[in-house]
Amino acid sequence: MSTLATEAQALGEPKDRIALFRNYLQNHREQLDKRFEAKDNIRDIVKGRANAVDEVLRAAWSLYPWNEDIALIAVGGYGRGELHPYSDVDLLILLENSNSEDYRDSLESFIALLWDLNLDIGHSVRSIRQCVRTASEDITVATNIMESRTLAGNSALLEQLLTQTAPDKIWSSRDFFRAKWDEQIARHRKFANSEYNLEPNVKSCLGGLRDIQMIGWIAKRHYGVDSLAELLPLGFLREEDLSLLRRGQDFLWQIRYALHVLSGREEDRLLFDHQRTMARMFGYEDDDARLAVEQFMQRYYRWALALGELNDLMIQHFDEAILRACEAETILELNPRFRVRNGHIEVTNKNVFKKTPSALMEIFVLMAQNDAIDGVRAATIRLIRDHRDLVDDKFRADPRVRRFFMEILRSRTKVALTLRRMMRFGILGKYLPEFGQIIGQMQHDLFHIYSVDAHTMELVKNLRRFTYPDNEEKFPVASRIVRRMDKPELLYLAGLYHDIAKGRGGDHSSLGAVDARNFCENHGLSNRDTNLVCWLVEKHLFMSATAQRKDISDPEVIRDFSLEVGDQVRLDYLYALTVADINATNPTLWNSWRASLLRQLYAETKRALRRGLENVIDKQDWIVDTQREALKRLEDHGFEEEEVQAIWKDRGEDYFLRERSDDVVWHTRAIARHHDMSKPLILVKKSSNVDLEGATQIFVHTLEHDNLFAVVASTMEQLDLNIVDARIYSSTSGYSLDTFYVLDADGKPISDDEERCQAIVDGLRQQIEQPDRFPEFMSKRTPRQMRLFSTPTRTTMATDINKGCSVLEVITPDRPGLLARIGRIFYDYDIKLQNAKIATLGERVEDVFFITNKKQKPIKDPELCEKIQRAICKELDEQASAEPRFS
């Protein structure tokens with residue numbers, strides 16, 4: 001009997017025993033936490049926690065009268081002797097038979113005592129027969145029993161249970177493996193089949209602790225081993241594999257232990273709340289290129305990738321050894337180096353890669369080009385791992401290797417899949433060392449939901465998706481473009497290199513273009529193709545920035561964009577790359593509005609290129625054409641030209657430049673019918689512009705007042721509307737004519753039923769008629785993730801001589817009431833808003849405002865410009881002490 005048990009039995013009062021056990025556990029926890037802070041061996045700490053709980057449970061068990069027909073069993077992770085600070089303590093109270101009435105009072109008292117100790121107990125009371133029946137029906141129960149040990153009581157009972165639940169009785173190793181593999185597939189699918197979750201679960205994500213445990217479970221079930229070390233004599237698990245598994249488990253255990261300590265509860269998710277703290281805890285510091293948290297998370301992702309790769313290897317081995325052991329073999333010889341055995345490629349002998357290093361690239365070419373190949377044999381995966389150090393400068397300079405790589409990019413199918421396999425097997429990062437640098441590199445924001453390498457692979461996959469028939473409806477223009485491309489491999493190359501220089505400091509687009517040029521020249525691409533790839537890498541953000549932040553209804557904007565693009569080929573490639581990039585950054589960024597902006601820019605640029613850059617339409621011609629077409633249609637509705645011109649007389653050029661003729665007709669007819677001009681005119685309809693589908697237009701014609709934009713913006717937010725574009729027109733007669741394009745608060749098109757539209761009209765009219773009664777800023781709960789990313793607001797301010805206004809750009813995390821707050825600052829500083837480009841990119845907004853002073857002139861006073869920017873930064877960051885960043 002242990003000293004603790006003796007002390008407990010000497011105490012007469014239950015509360016004294018509870019205090020004794022609590023103090024014992026608390027003392028051990030404090031000691032273990034100090035050892036953790038001192039970076040002591042994590043295995044000893046985790047095992048030490050289990051040992052301390054063992055002592056308490058045995059001492060507590062000894063307080064009650066038991067016979068030889070009952071035992072206290074540790075199962076699951078606790079059964080393995082592993083416990084983190086707040087892990088569940090899983091127990092099985094095992095009975096020889098199903099009659100537990102003799103122990104009812106003792107069991108109730110025992111479990112109540114454990115709860116009083118604040119242990120997270122998970123327990124069941126079952127007989128051996130009940131356990132066998134439940135285990136035969138539930139793979140999780142069967143797995144828990146496999147990882148069990150006797151804490152107290154008759155140990156022979158557990159031996160009987162293990163005998164009756166052995167593979168020859170229930171869950172044969174074949175059935176067990178199939179069930180656990182299905183379980184793993186479902187678990188991986190839950191986490192998007194990626195190691196690169198922004199807030200990964202260190203237990204359940206790909207490359208997490210469960211993947212390590214999976215290997216142990218299958219090995220134990222099939223080979224009857226109690227530890228992975230016992231697999232070494234069998235040959236397929238080697239010392240370096242075992243070392244990797246142990247070191248990887250140690251790293252994940254360190255993270256999990258820290259998560260429990262920081263959270264004060266069981267927590268397996270590496271949430272943003274803890275990532276920065278843990279980066280400091282693990283000794284990382286910010287440098288000029290990357291944040292400490294990005295360095296820490298890259299280490300996590302690389303471990304997850306390595307462990308996931310080893311899990312793949314072992315699962316493939318188990319598949320061959322267990323599921324396919326009795327399968328009739330079908331062998332297809334490919335060449336002297338490779339053959340296909342039952343759908344999986346393998347080398348013809350173990351010295352293939354040693355004798356012919358280029359075969360390390362050739363195997364991926366064969367997989368890309370042969371539909372009969374489903375995967376790689378386990379032994380060949382190991383040989384690839386063993387020989388990937390052969391991928392050196394000599395290997396990269398081999399003409400055959402370079403030709404093989406280009407063949408992969410030119411393959412008719414499986415391009416994205418093959419590149420992913422190359423990355424997973426460690427070949428892609430070796431062959432392209434610049435790509436190897438970005439593997440696992442995190443981008444610590446809410447805009448990018450993937451690491452740089454995962455984003456790149458997703459982009460290439462998107463480019464391939466454009467060729468699939470079922471994506472024609474979602475990506476009609478991109479699908480047509482990519483399908484007719486003569487050299488789609490140039491697009492894949494641009495995708496591979498577009499973000500390859502991230503994390504180095506400096507302009508990643510320019511640095512990436514240098515890397516891309518080196519690749520193209522080394523791989524024998526023509527000057528024309530090389531220049532196209534490098535231009536795409538350098539300008540990969542150009543089209544999205546133009547569409548979302550500039551006025552693409554302005555002929556000068558189209559002209560400038562067209563001059564930079566230069567020809568139709570570049571336009572096609574850039575459009576496809578841009579669409580793929582946006583969707584690979586964060587799928588929520590892609591909505592009908594953003595799609596329509598890019599399509600409109602593409603269409604206008606295409607027309608400009610067809611006319612010839614020397615024949616770009618003059619602004620005045622554009623205006624005259626719009627007026628002529630609108631007037632003709634209005635005359636068809638019975639309007640006289642004089643009547644129309646009277647309505648148009650105080651309209652500025654921008655109105656006819658930016659509005660389509662059918663919207664001019666819509667506005668003019670409504671204004672003519674609106675007899676009480678002292679009241680606001682508000683119209684709502686789905687956009688008539690086919691290029692701007694999905695958005696709803698809200699037209700506001702009212703007497704101008706300084707607070708108008710702030711009032712409208714705040715009211716729209718209260719109506720759950722998201723402004724995606726704002727066109728503000730002032731007139732000499734004191735009226736404001738504004739067009740707002742809106743989506744629902746979740747970024748989707750709003751319903752166009754009459755009731756919803758009338759609610760919008762009524763809400764806006766009520767607020768506009770009482771401009772001095774400014775609506776309250778909406779109070780919405782900021783999502784947890786956004787609260788953690790306290791990125792300061794950034795502003796820039798410059799003068800646009802051509803437009804005769806100042807251009808204010810605001811980049812800030814999205815938040816409730818943002819536009820209304822900016823509008824209120826405009827009011828405070830006597831600023832007139834002439835135009836606005838509203839762009840919400842995930843959780844970040846990049847808004848551009850075209851503003852003037854009261855005299856319709858640009859704001860040139862440097863001191864005033866600084867004050868305006870400081871006021872915006874202070875207001876949006878909601879902290880007077882926040883240090884604004886502006887230029």
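**Entry 1: the largest cavity**

I went for the holes first, and the largest cavity holds about 240 Å³ of space. This is a predicted model, so I keep that in mind for every entry. I wanted to know which residues sit closest to the centre of that cavity. They turn out to be His705, Asp706, Phe709, Lys832 and Leu833, out of 19 lining residues. Next I checked which elements give two or more residues to the lining, and got α35 (708–718), β11, β12, α38 (818–828) and β15. By class, I noted eight nonpolar, five polar and six charged residues in this lining. The search gave four cavities of 30 Å³ or more in the structure.

**Entry 2: strand β11**

β11 turned up in that lining, and I looked it up next. Is β11, residues 721–730, mostly enclosed or not, and why? Eight of its ten residues are buried, so I wrote it down as largely enclosed by the rest of the structure.

Then I looked for its partners. Strand β12 (residues 735–744) runs antiparallel to β11, and nine bridges join the two. Strand β15 (residues 832–837) is antiparallel to β11 as well, with two bridges between them. I followed Asp725 as a marker: in β12 it stands opposite Tyr741, and in β15 it stands opposite Lys837.

I also checked the turn. The hairpin of β11 and β12 has four residues between its strands, and Gly734 takes a positive phi there, near 90 degrees.

**Entry 3: the second largest cavity**

Back to the holes. The second largest cavity has about 50 Å³ of space. I listed its lining: Lys474, Phe475, Pro476, Val477, Ala478, Tyr575, Val579, Trp590, Ala595 and Arg599. Which elements give two or more residues here? My note says α23, α29 and α30, with α23 giving the most at three residues. The class count is eight nonpolar, two charged and no polar residues.

**Entry 4: two rings in that lining**

Phe475 and Trp590 are both in the lining I just wrote down, and I checked how their rings meet. The centres are 5.9 Å apart and the planes are at 40 degrees, so I call the pair tilted. A pair would need planes over 60 degrees apart to be edge-to-face, or under 30 to be stacked.

Where do the two sit in the chain? Phe475 is in the loop between α22 (452–465) and α23 (476–483), and Trp590 is in the loop between α29 (568–585) and α30 (592–611), so the pair ties together parts 115 residues apart in sequence. Both rings belong to buried residues: Phe475 has a relative accessible area of 7%, and Trp590 has 13%.

**Entry 5: more aromatics**

I ran the search over the whole structure and got 30 aromatic pairs. One of them is Phe177 with Phe318, whose ring centres are 6.2 Å apart with planes at 70 degrees, so this pair is edge-to-face. Phe177 is in helix α9 (residues 173–190) and Phe318 is in helix α13 (residues 292–323), so this pair ties together parts 141 residues apart in sequence. Buried or exposed? Phe177 comes out at 0% relative accessibility and counts as buried, and Phe318 is buried at 0% too.

I also found one aromatic cluster made of Trp61, Tyr64, Trp66, Tyr103 and Phe110.

Charges over rings came next. Arg29 lies over the face of Tyr86, 4.4 Å from the ring centre. Lys685 puts its charged end over the ring of Trp666, 4.3 Å from the centre.

**Entry 6: strand β6**

I picked β6 (residues 338–341) to see what covers its two faces. Phe338 and Val340 are buried on one side, and Arg339 and Arg341 are buried on the other.

On the partner side, strand β5 (residues 331–333) runs antiparallel to β6 with three bridges, and Glu333 has Arg339 as its bridge partner. These two strands form a hairpin with four residues between them. Strand β7 (residues 344–347) is also antiparallel to β6, joined by four bridges, and Arg341 stands opposite His344 there. The hairpin of β6 and β7 has two residues between its strands, and I noted a positive phi near 50 degrees at Asn342.

**Entry 7: the whole chain**

Last, I zoomed out. I counted 39 helices and 18 strands in the protein chain. Its C-alpha atoms fill a box of roughly 105 × 75 × 50 Å along the principal axes. Of its 887 residues, 57% count as buried.

Note on methods. Residues are numbered from 1 along each chain as its sequence is written. This is a predicted model: local features need pLDDT of at least 70, side-chain atom pairs count only at pLDDT 80 or more; totals for chains, interfaces and linings use all residues. Side-chain values use heavy atoms; hydrogens and water are left out. Rings of Phe, Tyr and Trp (its six-membered ring) pair if their centres lie within 6.5 Å; planes under 30 degrees apart count as stacked, over 60 as edge-to-face and the rest as tilted. Buried means under 20% relative accessible area, exposed over 50%, partly exposed in between (1.4 Å probe, protein chains only). A charge sits over a ring if NZ of Lys or CZ of Arg is within 6 Å of the ring centre and within 35 degrees of the ring normal. Two strands pair if DSSP finds at least two bridges between them. On a 1 Å grid over the protein atoms alone, a cavity is a set of points where a 1.4 Å probe fits but cannot get out, and a pocket is an open set with protein on both sides within 12 Å along at least five of seven lines; lining residues have an atom within 4 Å of a point. Grid points are joined across faces, edges and corners, and a volume is the space filled by probe spheres set on the points. Ala, Val, Leu, Ile, Met, Phe, Trp, Tyr, Cys and Pro count as nonpolar, Asp, Glu, Lys and Arg as charged, and the others, Gly among them, as polar.
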